[in-house]
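Visitor: I would like a close look at one part of this model, its inner space and the strands around that space. Please take it step by step.

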Amino acid sequence: MGLSKRVRSEKSKTGSKLARSVPIKIIGIILLFSLLFVGTALAHADNFTFVLKWGTQGTGSGQLDHPYDVVVDSGGTVYVADTYNHRIQKFTSNGVFLGGWGTCGTGKGQFNYTMGVGVDGEDNIYVADACNDRVQKFTNTGTFLGTWGSSGTGNGQFHYPYDIAVDSSGNVYVTDSGNHRVQKFSKTGAFITKWGGYGSDDGQFKYPHGIAIDDVGNVYVADYYNHRIQKFTGDGAYLTQWGSYGAGDGQLNTPKGVTVDGAGNIYVADYHNNRIQKFTNTGTFIGTWGTKGEGNGQFSTPKGVTVDTSGNIYIADTGNSRVQKFQVGPSYRFATNSAAVIIAIALAAVTLKKR
């Protein structure tokens, strides 16, 4: 074979190898980035944004003294249990004072520490009048409608009623904290059923505090000294629980308030951890915010939490004698699956060698 033919032959072989090698390299690179993308995904996390606050410590209109609870009616009006002032105050969703009612006493429309506040589908307001061991019912302008309860352990009696929630049928649920139970009533105060008892077993309580009801009638109870949330049917059948003592994600330190948003997510006022935690309705941790302090988004022993129909969150920031409002929205971060990345690199390396 002549020199020119050998040169042409070698060039032909080299070109053939190059032709085969280039697409293989391209495939390898595509494979690498494809698997890296699979291994690296956008992980969703909620972003809790401070909107505004209102209230300073005092006795004047719009001032607060250790508010324990907060609730929002169907029109977005905010009602605050102004606990140490023995009254209910009413605000717009932006904190503008609208009115209030109540003084310290035992008469109709008077209170001895307003602990919990609830609202029904007709925007009537129910108040846990804790040290008078009774529940009082009002219109949303403060007109007295009725009351029930007395001190004791019998059906319909209370020992330090702490919080109130109302279901879609108008049934009223009360955490009877000192009796370590939940009681259920009709909207006129007729006793229906009860459940609980002192202890740490499923369905038992150690001073239950906050209570909330979701759209399908499940009941969530902040089991204060058991550092957990318990979930029940509307008739008190135990369903599940979550939480343990601590400061980690999903752990609780004497939870106080609890509420449910329109999507069925659960918010908990994690009292001694000075934060709010968010969970699914089966207890999977979603997010948290807050630290101890007086700044925006900080808390001092928060006790009450509620959500309006737009998803805005209101916190009774008890130790700071104020209400804080937040918005929740999605944020995203890249979460990498290390195993997928290693596999991608190994496969790509093998592929690139085949040339």
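Guide: What follows goes from the pocket to one of its strands, and then to the cavity and the salt bridges. The model is predicted.

The largest pocket has a volume of about 1000 Å³. It is lined by 42 residues, of which V72, V119, V166, I213 and V260 are the closest to its centre. Six strands each give at least two residues to this lining: β2 (69-72), β6, β10, β14, β18 and β22 (304-307).

Take β18, which spans residues 255-260. Six of its six residues are buried, so the strand is largely enclosed by the rest of the structure. Its partner is β19 (residues 266-270), and the two run antiparallel, joined by four bridges. Within this pairing, T259 lies opposite Y267 of β19. Five residues separate the two strands of the hairpin, and G264 has a positive phi near 90°.

The model also holds a cavity. The count is one cavity of 30 Å³ or more, and the volume of the largest is about 30 Å³. Its lining consists of Y68, D69, M115, G116, Y162, D163, G210, G257, K303 and G304. Strands β6 (114-119) and β10 (161-166) each contribute at least two residues to that lining.

Next come the charged side chains. Side chains of opposite charge can pair when their charged atoms come close. The model has eight salt bridges. One of them joins R87 to D82, with the closest N and O atoms 2.6 Å apart, and both residues are buried. Another joins D223 to R228, where the closest N and O atoms are 2.7 Å apart. D223 has 0% relative accessibility and therefore counts as buried; R228 is buried too, with a relative accessible area of 4%.

The salt bridge between K184 and D235 has an N to O distance of 3.3 Å. This pair links distant parts of the chain, 51 residues apart: K184 belongs to strand β12 (residues 181-185), while D235 is in the loop between β16 (228-232) and β17 (238-242). K184 is buried at a relative accessible area of 7%, whereas D235 is exposed at 59%.

On the surface, Y198, Y207 and Y225 make up a nonpolar patch with about 350 Å² of accessible area together. Y198 sits in the loop between β13 (191-196) and β14 (208-213). Its relative accessibility is 52%, so Y198 counts as exposed. Strand β14, at the end of that loop, is also one of the strands that line the largest pocket.

Definitions and conventions
Residues numbered from 1 in each chain as written. Predicted model: local features only at pLDDT ≥ 70, side-chain atom pairs only at ≥ 80, totals over all residues. Heavy atoms only, no water. Buried < 20%, exposed > 50% of the residue type's maximum accessible area, 1.4 Å probe, protein only. Pairing = 2+ DSSP bridges. Patch = residues over 30% accessible without salt bridge, like charges linked within 9 Å, V, L, I, M, F, W, Y side chains within 5 Å. Areas by Shrake-Rupley, 256 points an atom, 1.4 Å probe, with all protein chains shown as cover. Salt bridge = Lys/Arg side-chain N within 4 Å of Asp/Glu carboxyl O. 1 Å grid on protein atoms, 1.4 Å probe; cavity = no way out; pocket = protein on both sides within 12 Å on 5 of 7 lines; lining within 4 Å. Points joined across faces, edges and corners; volume = space filled by probe spheres on them.
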